[in-house]
Amino acid sequence: MQAFDRTIPINTSVLEQESNFTFGSAPNSNDTSLETTEQENTLTVEDSRRLRRMKSNRESARRSRMRKQIHLEELGIQLDQLQAQNHDLRTQLGSVLSRCSLVRQENKRLQIEALLFKKRLDEAQTLLLINRLHRVNNVPQNFQAFRRGQVSALASLIV
């Protein structure tokens with residue numbers, strides 16, 4: 001078994017012997033030494049090991065390529081999902097921004113309307129105050145006509 005663990009340095013004499021050697025056949029009648037047979041067996045074992053390593057490496061590379069392809073397909077699926085999600089989120093954002101704009105416009109309209117109502121209320125309070133003052137002071141008749149015009153104006157403001 002020592003011959004299986006030993007490596008042979010490659011030189012021209014070994015190469016010449018190897019060219020005369022065929023796998024699975026008996027040594028040539030020209031090779032009578034035991035050392036030549038051990039060298040041939042060692043080459044055969046080394047060749048066998050080398051072939052097994054090559055086959056194993058090829059299989060490992062094939063598995064690696066398959067894993068890489070599966071990973072790329074998964075990334076492609078994930079990309080499609082993220083792009084669809086991005087599209088949905090952009091659509092939702094556009095909808096929210098549109099509603100926000102409408103709410104802001106409505107808010108401005110309501111603020112203006114509130115200011116108008118406040119102005120009307122202030123005018124009505126002023127007219128009521130003037131009316132009370134006139135009652136207390138017994139204002140002359142010509143001021144009463146002016147006051148009636150303001151009261152009708154006040155009524156139109158309230159309505």
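A helix, as the word is used here, is a DSSP run of H or I at least four residues long, and helices are numbered from the N terminus. With that in hand, take Arg109 and Glu113: they sit 4 residues apart in helix 3, so about one helical turn separates them. Their side chains meet in a salt bridge, with 2.9 Å from N to O. We'll come back to this pair after a look at the whole chain.

**The overall picture**

What you have in front of you is a predicted model. The protein chain has 4 helices and 0 strands, and if you walk along from the N terminus, the elements read α-α-α-α. Helix 3 covers residues 34-137.

How many of the residues are buried? Of the 159 in the protein chain, 13% count that way. The chain exposes about 13,600 Å², and carbon and sulfur atoms supply 58% of that area. As for contacts with a separation of 6 or more, 54% of them join residues that are 24 or more positions apart.

**How confident is the prediction?**

The average pLDDT of the protein chain is 77, and 60% of the residues score at least 70. One stretch to read with care is residues 1-27, where pLDDT stays under 50. For that stretch, the model has 29 contacts beyond four places in sequence.

**A stretch with a label**

UniProt, in an unreviewed entry, lists residues 65-92 as "coiled-coil region". What does the model show there? The span is 100% helix and 0% strand, and the C-alpha atoms at its two ends lie 40 Å apart.

**Salt bridges along helix 3**

Searching the whole structure turns up 6 salt bridges. Here are three of them, each with its N to O distance.

| Pair | N to O distance |
|---|---|
| Glu59 and Arg63 | 3.9 Å |
| Glu106 and Arg109 | 2.5 Å |
| Arg109 and Glu113 | 2.9 Å |

Start with Glu59 and Arg63. Both belong to helix 3 and are 4 residues apart, about one turn of the helix. Are these residues buried, exposed or something in between? Glu59 is partly exposed, at a relative accessible area of 30%, and Arg63 is partly exposed too, at 40%. There is also a third member to meet here: Glu59, Arg62 and Arg63 are linked in a network of salt bridges.

Now move along to Arg109, which also lies in helix 3. Which residues does the side chain of Arg109 meet in salt bridges? One is Glu106 and another is Glu113. Glu106 and Arg109 are 3 residues apart in helix 3, again about one turn of the helix. The Arg109 side chain also makes a polar contact with the Glu106 side chain, at 2.5 Å.

What about exposure around Arg109? Partly exposed means between 20% and 50% relative accessible area. Arg109 has 41%, so it counts as partly exposed. Glu106, at 36%, is partly exposed as well, and so is Glu113, at 31%.

**Putting it together**

So where does that leave a newcomer? This is a chain with 4 helices and 0 strands. On helix 3, Arg109 pairs with Glu106 and with Glu113, while Glu59, Arg62 and Arg63 form a linked network of their own. And when you look at residues 1-27, keep in mind that pLDDT stays under 50 there.

Note on methods:
Residues are numbered from 1 along each chain as its sequence is written. This is a predicted model: local features need pLDDT of at least 70, side-chain atom pairs count only at pLDDT 80 or more; totals for chains, interfaces and linings use all residues. Side-chain values use heavy atoms; hydrogens and water are left out. Buried means under 20% relative accessible area, exposed over 50%, partly exposed in between (1.4 Å probe, protein chains only). Contact means heavy atoms within 4.5 Å. Accessible areas come from the Shrake-Rupley method with a 1.4 Å probe; for residues, only the protein chains shown count as cover. pLDDT is the predictor's confidence in each residue, from 0 to 100. UniProt positions are given in the numbering used here, feature names are shortened, and annotations may be inferred rather than shown by experiment. A salt bridge is a side-chain nitrogen of Lys or Arg within 4 Å of a carboxyl oxygen of Asp or Glu. A polar contact is a pair of N or O atoms within 3.5 Å; within protein, one must be able to donate a hydrogen and the other to accept it, and residues adjacent in sequence count only if both atoms are side-chain atoms.
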